[in-house]
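Here is a request from someone meeting this structure for the opening time: please walk through a few details of its backbone, step by step.

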2 protein chains.
Amino acid sequence: MTSTIAARHAFDSAVALTFDGAGNFSGRTTPEYGNMVGPFGGITAATILRAVQQHPQCLGDPISLTVNFAGPIAEGPFTIAAQPVRTNRNTQHWTLSMSQDGIVTTTATAVFGTRRETWTATEATAPAAPPPDTVEPDALPEFIAWVDNYEMRFIEGGITQLDGAAAQPTSTTTLWVRDRPARPLDYPALTALSDVFFPRVMLRLGRVVPAGTVTLTVYFHADTDRLAAQADRPLLATARSQHFGKGFFDQSAELWAHDGGLLATSHQLVYFKA
Amino acid sequence: MTSTIAARHAFDSAVALTFDGAGNFSGRTTPEYGNMVGPFGGITAATILRAVQQHPQCLGDPISLTVNFAGPIAEGPFTIAAQPVRTNRNTQHWTLSMSQDGIVTTTATAVFGTRRETWTATEATAPAAPPPDTVEPDALPEFIAWVDNYEMRFIEGGITQLDGAAAQPTSTTTLWVRDRPARPLDYPALTALSDVFFPRVMLRLGRVVPAGTVTLTVYFHADTDRLAAQADRPLLATARSQHFGKGFFDQSAELWAHDGGLLATSHQLVYFKA
């Protein structure tokens, strides 16, 4: 970019919302974050989180978010209704829904809260990985728009293994990932990053099959200081499934900071046909 | 029980609801499932799931459930509002809230759906455990009512280790568990069982500290045939945390059938002071 005025990042355009002063936000899908059908689920989740952050009654920072993908989202405008259902001393509970033409496409709940110093420990261990600059970024599929907004350096279970490759014995994918162009990490970006893993069933089967997230939950472990320390560096991201069967599977993810801190954990249940 | 007419199980009394015909259910807490403050979170989650099941518009079986504990629940009556927000061909999305005296205590979303035959695989592995009848049931703390409704046979990380014991290096608890008296497994009971683990921070620190679940998500992997096959046998249940810090920690659980099948996975975020 040679301009002295930085252009707005495609991520910020995608999560931009206008508040009507009465609990409703309006936004619109952007082609940059398009998926095979409708927008990338991660950008929808990020936009819903952004609505809470922009609400004048919002207190504290994100603690958890659950987004349920109730139906397809068409390209174009949408409305998010955000209601602060209960505010306590340390936590605030939100109920949200996204609609298009009066039809609910997405429901969500979020917990915001204040963090304070306590005993701390991390039991999970980050996967082994070489430094990000020693791993080549992968060429990503051209028919999916949103992946262009991420720099993905796969260490295990890369997307190229979908392309008519053999079935894999495990569903684990591990990669270094960040926004492209690089962008300082914030909670909406972390939310979207927790959904960058393609459906695990495709990795196991070695082929593209119909699949879509039904429900996504993100637990935010990082406070704003840790997000600031991470800045625009790559995150070490890993995901795997526990069970596939009868049309659904789960998928759990961890997002690690450059310094080995755990920024977020995430879980989702995915619909599939195979 | 010597009566020839079986008394209703305390679990069924606790989740009993009356429908008003217009989307609201009324129920009341029962002393049998009391916790240190208010009812056991698992029974609240089970009751919310039961509301969906009893709703005349309910289609299919539980796929996922997220319950957010927004505020304390007092002993006495409560109301659950259940709204089928969107019904698709294979899934149905619900938004719910529990209130007392018009104040929301709990919010929830649920996905119900129809299961069909697909490719299946389980990647998670059940923890090693001797047969349930070779493990002695533990004596449980007398000051918490709800634990009396469960037969718990601890293999690792037992509740006795809280009692002034040393801090533990890991947060893993593994136990055989079932309702007491034994009761055939159904989705509400499975929901409650996913929350039987005491807060992991207490295991790590070796002492009782203030802690309470903020949000709980259950992914149901079992269909009704597998629930029926499990019947009233003990489940192998295991839970552990990934990260503790700044007043919150996560906790993930797996519930395994007697035959090694994965019945449900569950995740929660917990508030604590320490």
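What follows is a short set of questions and answers on the backbone of this predicted model.

Q: Which residue does a cis peptide bond join to A:R180?
A: In this predicted model, the bond that follows A:R180 has an omega of about -5 degrees and is cis. The residue on its other side lies in the loop between β9 (173-179) and α3 (187-193) of chain A. That residue is A:P181.

Q: What is omega for the peptide bond from B:R180 to B:P181?
A: B:P181 is placed in the loop that runs between β9 (173-179) and α3 (187-193) of chain B. The peptide bond that leads to B:P181 from B:R180 is cis, and its omega is near -5 degrees.

Q: Is A:A231 buried, partly exposed or exposed?
A: A:A231 is found in chain A, in the loop between α5 (224-230) and β11 (235-240). Buried would mean under 20% relative accessible area and exposed over 50%. Because its relative accessibility is 27%, A:A231 counts as partly exposed.

Q: What is phi of B:A231?
A: B:A231 lies in the loop between α5 (224-230) and β11 (235-240) of chain B, and with a relative accessible area of 27% it is partly exposed. B:A231 is a residue other than glycine, and its phi is positive, with a value near 50 degrees.

Q: Where is the residue A:A231, whose phi is near 50 degrees, found in chain A?
A: A:A231 has a positive phi although it is a residue other than glycine. Its place is the loop between α5 (224-230) and β11 (235-240).

Key. Residues are numbered from 1 along each chain as its sequence is written. Chains are lettered from A and ligands numbered from 1 in the order in which they are written. This is a predicted model: local features need pLDDT of at least 70, side-chain atom pairs count only at pLDDT 80 or more; totals for chains, interfaces and linings use all residues. Side-chain values use heavy atoms; hydrogens and water are left out. Helices (H or I, at least four residues) and strands (E, at least two) are DSSP runs, numbered from the N terminus. Buried means under 20% relative accessible area, exposed over 50%, partly exposed in between (1.4 Å probe, protein chains only).
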